[in-house]
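Trainee: Could you take me slowly through one part of this model, starting from a single pair of charged side chains and working outwards to whatever surrounds it?

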Amino acid sequence: ILLCSDDNKQSNNNNNGNMTSNAVEDEKELLSRLTSQFGDMDLSNLLNDGNNDGKDDDAESEESSLMEPSAEELRAWQQAQFSAGKAKKQQQKKLTRLQQHRQTDDEWEHVPALPDLQGKSSIFLTTPALQHQLVHEDPGILSAAWQCLYSSQQGDGLSYARLRHCIDGYDGPSVTMFSTGAATTIGLYLATSWQSTKQCAKTNDCFVFTIRDGILQVFPSTHLDHELVRCTHDDGIRIGGMHNQSRIHITETLEDCRALPFCGTFRDGDLLPMRDDSLYYFDVDAIEVWGVGGIEWIQHALDMQQRDRAAVQARRNNNLLHEKKQLLEDFRSGLFSSKYVRCDVE
């Protein structure tokens, strides 16, 4: 009886060994077929997922023990994911359009020409020499047609609110110039759109420049991952540097603005003339914003701006309607019941 039992055990062990060997061979054969089909993808982890000794089951049980989000939390999360994905997709489209534009331009040798201001004039770029120097920095875009989007000296008024209305949602390259009142102009060239939220626009297709005594000086990007442009309602426009120490800060009052001689975003150098009493502060006397890149690109940017404004207005109307409905429900529920207030709704 004992001999029979030992024989059975040995037979079972042999069978298990054969089964294990067959399983290993089958696994190798399956991995070989998958590798031949999917190229250089690492598929070994797919076959090893089943050998985690129950760790995945423990993780799943632990995750399932967590409380499920409410319907409101789920909708808020979905909306946040949708907004983030939409913003990322739009940014990718902008960069793709810019790359395509530059690839087309690379097929030709650029001879910098004066920009076509379409019959308008600039109070800053007053001479052909200044215009030629600026165009030379990015001739593929700056040598095409320009369109004046905002000018404080030509009917738009000197107003931060009007400036914001001009640049908000404009989806194209632009040149913006500020007069500091010290015989100096500070300008910014952006090859991508302005960002009017607390999300910073970061791109290498940009530079800061100054115009002083008829000479244009350019401060190119350092290609470092610093804040480029931040445009908000309550903190003005911040360009370069970090949030607490921007290279250029245009306040919402256009007074007590500041321009530092250094930052990590653009090449160091004095943006304002050296004065012991200035402490790098100045007041804005005049502003110009030009859309650049050619008629087709400018029109596309303006169309996108109108679509953005329509979307913002639709959200405002929807919020206003929701608030009115909520106020009406509060009156009906008696939350604002008073002998002085009566709500008769049919």
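Mentor: Let us begin with aspartate 168 and arginine 164, both of which are buried. This is a predicted model, and in it the two side chains form a salt bridge whose closest N and O atoms are 3.0 Å apart. The count for the model comes to 2 salt bridges, and the other joins aspartate 235 to arginine 238, at 2.7 Å from N to O. Aspartate 235 and arginine 238 are likewise both buried.

The surroundings of these pairs can be followed through the secondary structure. Helix α8 takes in residues 160–167, and this helix lies across β6 and β7, running at about 120° to β6. Strand β7 covers residues 236–242, and it pairs with β6 in the antiparallel sense over 4 bridges. Within that pairing, cysteine 231 has isoleucine 237 of β7 as its bridge partner. The two strands belong to an open sheet of 5 strands, ordered β6-β7-β8-β9-β10 and paired antiparallel. Its edge strands are β6, at 229–232, and β10, at 281–282, each of which pairs on one side only. As a general point, the strands of a sheet pair through backbone hydrogen bonds, either parallel or antiparallel.

A useful contrast to the two salt bridges is glutamate 288, which is found in strand β11, residues 286–291. Glutamate 288 is buried yet has no salt bridge, because a salt bridge needs the side-chain nitrogen within 4 Å of a carboxyl oxygen, and the nearest side chain of opposite charge, lysine 120, is 10 Å away. What the side chain of glutamate 288 does have is a polar atom 3.0 Å from the backbone nitrogen of isoleucine 123. Leaving aside neighbours within four places in sequence, the contacts of glutamate 288 include Ser121, Ser122, Ile123 and Phe124, and also Tyr150, Ser151 and Gln154. Val175, Thr176 and Met177 are in contact with glutamate 288 as well.

Those last contacts lead to strand β2, residues 174–179, where serine 174 has its place. Serine 174 counts as buried because its relative accessibility is 1%. With neighbours within four places in sequence again set aside, serine 174 is in contact with Leu188, Tyr189, Leu190, Trp194, Trp290 and Val292. Among these contacts of serine 174, Leu188 falls in strand β3, which spans residues 184–190.

From strand β3 one passes to β4, since 7 bridges join the two, which run antiparallel. Glycine 187 stands opposite phenylalanine 209 in β4. Strand β4, residues 206–212, is mostly covered, with 6 of its 7 residues buried. On to strand β5, residues 215–220, β4 pairs in the antiparallel sense over 6 bridges, and arginine 212 stands opposite isoleucine 215 in β5. The hairpin of β4 and β5 has 2 residues between the strands, and in it aspartate 213 takes a positive phi near 55°.

To place all this in the whole, the chain has 9 helices and 11 strands, and 33% of its 346 residues count as buried. Of the contacts in the chain with a separation of 6 or more, 61% come from residues 24 or more positions apart.

Terms used
Residues are numbered from 1 along each chain as its sequence is written. This is a predicted model: local features need pLDDT of at least 70, side-chain atom pairs count only at pLDDT 80 or more; totals for chains, interfaces and linings use all residues. Side-chain values use heavy atoms; hydrogens and water are left out. Buried means under 20% relative accessible area, exposed over 50%, partly exposed in between (1.4 Å probe, protein chains only). Lys and Arg count as positive and Asp and Glu as negative; His and the chain ends are not counted. A polar contact is a pair of N or O atoms within 3.5 Å; within protein, one must be able to donate a hydrogen and the other to accept it, and residues adjacent in sequence count only if both atoms are side-chain atoms. Contact means heavy atoms within 4.5 Å. Two strands pair if DSSP finds at least two bridges between them. Axes are lines fitted to C-alpha atoms, for helices over the stretch in contact, and angles run from 0 to 180 degrees between N-to-C directions.
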